[in-house]
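Grab a pencil and open the viewer. Here are a few exercises, each with a worked solution.

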Amino acid sequence: MSEFLIEPFNQVHLDRLLTLVAAEGWTEYSHDPERTYRALTAPGSTTLVAVADGQVVGAIQVQSDGLIQAHVSMLLISPASRGMGLGSTLLRQGLERAGGLQLDVRTRTEGYYERLGASRSLGFRLTRESLGLGAAAAE
C-alpha cells in the first residue's frame with residue numbers, strides 16, 4: 001500500500017466513505033447519503049479522509065469551537081489499514097485543523113485510546129427518542 005494522503009472530505013469521497021461506514025454497520029451514516037454529506041460538511045465540523053492508492057481508507061470528523069473544545073464524532077479506518085498509525089495521524093490532523101485545546105472521545109474501543117495516553121472520563125448519550133422527541137426529521 002502506498003503512503004496515506006490526508007485531505008479535506010468532499011463530494012468525490014462520499015461513495016467510498018459510505019462503503020466504509022456500511023461495513024461497520026453505522027446505519028445512521030449509510031441510510032441517507034445526502035444527509036451524511038451535509039453532516040460531514042456542516043459549519044463547525046472538520047472532516048478529513050485518508051486516501052491510499054486512490055481509495056478512501058480512513059476518515060475523521062471533529063466538531064469544534066475552534067479555540068478550546070473539540071470532540072470526535074467519527075473515526076473510521078478500513079480493516080486493511082489498521083495498525084499502521086493512521087488513526088493517530090487522523091486524530092492529530094483533526095485536532096490541528098479543527099482547532100481546540102482538547103479532544104474528547106466517546107467510544108466503545110477504549111483500549112486504543114488508552115494506548116495513546118487518553119484519560120478515561122464518564123459520559124452519557126441522550127437520543128431524540130429517549131428525550132421524547134421522536135426520530136430526527138429528514139431535511
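**Exercise 1.** Which residues are exposed on the other side of α1?

*Solution.* Asp15 and Ala23 are the ones to mark as exposed on that other side of α1. Exposed means over 50% relative accessible area, buried means under 20%, and partly exposed is in between (1.4 Å probe, protein chains only). Helices here are DSSP runs of H or I with at least four residues, strands are runs of E with at least two, and both are numbered from the N terminus.

A quick word on the model: it is predicted, so local features need pLDDT of at least 70 and side-chain atom pairs count only at pLDDT 80 or more, while totals for chains, interfaces and linings use all residues. Residues are numbered from 1 along each chain as its sequence is written, and side-chain values use heavy atoms, with hydrogens and water left out.

**Exercise 2.** Find the buried residues of α1 and work out why they line one face of the helix.

*Solution.* Step one: list them. In α1 (residues 14-24), Leu14, Leu17, Leu18, Leu20 and Val21 are buried. Step two: look down the axis of α1. The buried residues fall within an arc of 160°, so they line one face of the helix; the arc is that of the directions from the helix axis to the C-beta atoms. Step three: recall the general rule. An α-helix has 3.6 residues a turn, so residues three or four places apart point the same way. Step four: see what that face meets. The buried residues of α1 pack against α2 (27-30), α3, β3 and β4, where contact means heavy atoms within 4.5 Å.

**Exercise 3.** What is the strand order of the open sheet?

*Solution.* Start with the order: the 5 strands go β1-β2-β3-β4-β5, with mixed pairing. Two strands pair if DSSP finds at least two bridges between them. Now the edges: β1 (5-8) and β5 (102-104) each pair on one side only. Finally, zoom in on one pair: β3 (residues 55-64) and β4 (residues 69-77) run antiparallel, joined by 7 bridges. In β4, Val72 is the bridge partner of Val62.

**Exercise 4.** How many residues does the largest nonpolar core have?

*Solution.* It has 15, and Ile6, Ala50, Ile60, Leu75, Leu86 and Leu90 have the most contacts inside it. Such a core is a set of buried Ala, Val, Leu, Ile, Met, Phe, Trp, Tyr and Cys residues joined through side-chain atoms within 4.5 Å. Next, trace where the core comes from: β2, β3, β4 and α4 are the elements giving it two or more residues.
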